[in-house]
Amino acid sequence: MHQRFDDAAKWSMVFDDPARDAWQKPAEVVRALGLAPDAAVADIGSGTGYFAVRLARAVPQGRVFGADIEPDMVRFLSERAAKERLPNLQSVLAAAGGPNLPAPVDLALLVDTYHHIARRSLYFSKLKEKLKPGGRVAIIDFTLDSPVGPPARHRIAPKNVAEEMALAGYRMLEQHDFLPHQYFLVFAPR
């Protein structure tokens, strides 16, 4: 799926809509990730920073990289981090083949992004190079029957995600089921 998200101001009305909190449950997601206060985290497909700013607050002695392939999203998130006084949040211009993280991370989080990535096995195989020892990848994306999200033809079943991640050299660690419209899977390199 190759939709453009190049108007950050417009998309912030959708991505950062307070009504999203009811079904996205960001505080519960961040809590479930069990991050240390000094953790390094990548929010891949960070967009306008819905999760990136929450992660930056959750790891006050850590570092958060908000990676996105849209330059306007990177600009928007950089400005937001400055405005919200989050010096531990850095916005990074990603590429289709990888997030271009400037340093290794303890966790890479992808929310509503997995279905946008082409050549996923290669992408996640390369991502292992940017995970610290014991690092994890958390994937949250829309279920096949979700009333919100991308068109059904772009959605990927969680069993397919698990199979693709296994091909990339990962094993599933956890599966959370508290999100009403999404699956929440956590993987680690084998």
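This report walks through a sheet, a helix beside it and a glycine in a loop.

The model is predicted.

**The sheet**

Start with the strands. Seven of them make an open sheet with mixed pairing. Their order is E3-E2-E1-E4-E5-E7-E6. Two strands sit at the edges: E3 and E6 (170–176). Each of these pairs on one side only. On average, neighbouring strands are turned by 20° against each other, direction ignored.

The table lists three of the strand pairs.

| Strand pair | Bridges | Direction | A facing pair of residues |
|---|---|---|---|
| E1 and E4 | four bridges | parallel | Ile 44 and Leu 110 |
| E5 and E7 | six bridges | antiparallel | Ala 138 and Val 186 |
| E6 and E7 | six bridges | antiparallel | Met 172 and Phe 187 |

E6 and E7 also form a hairpin, with five residues between them.

**Strand E7 and helix H7**

Is E7 mostly covered or mostly open? E7 is mostly covered, with seven of its eight residues buried. Helix H7 (residues 158–167) lies across E5, E6 and E7. H7 runs at about 15° to E7.

**Helix H3**

Now take helix H3, residues 26–33. Which of its residues are buried? They are Pro 26, Val 29, Val 30 and Leu 33. Viewed down the axis of H3, these buried residues fall within an arc of 95°, so they line one face of the helix. The spacing fits a general rule. An α-helix has 3.6 residues a turn, so residues three or four places apart point the same way. The other side of H3 has Ala 27 and Arg 31, which are exposed.

What covers the buried residues of H3? The cover includes two helices, H2 (21–24) and H4 (52–58). It also includes strands E4 (105–111), E5 (131–142) and E7 (182–189). E4, E5 and E7 belong to the sheet described above.

After H3 comes Gly 34. Its phi is positive, near 55°.

**A glycine in a loop**

Where does Gly 98 lie? Gly 98 is in the loop between strand E3 (89–93) and E4. Its relative accessible area is 12%. Buried means under 20%, so Gly 98 counts as buried. Ser 125 is 27 residues away from Gly 98 along the chain. The C-alpha atoms of the two are separated by 10.0 Å.

Terms used:
Residues are numbered from 1 along each chain as its sequence is written. This is a predicted model: local features need pLDDT of at least 70, side-chain atom pairs count only at pLDDT 80 or more; totals for chains, interfaces and linings use all residues. Side-chain values use heavy atoms; hydrogens and water are left out. Buried means under 20% relative accessible area, exposed over 50%, partly exposed in between (1.4 Å probe, protein chains only). The arc is that of the directions from the helix axis to the C-beta atoms. Contact means heavy atoms within 4.5 Å. Two strands pair if DSSP finds at least two bridges between them. Axes are lines fitted to C-alpha atoms, for helices over the stretch in contact, and angles run from 0 to 180 degrees between N-to-C directions.
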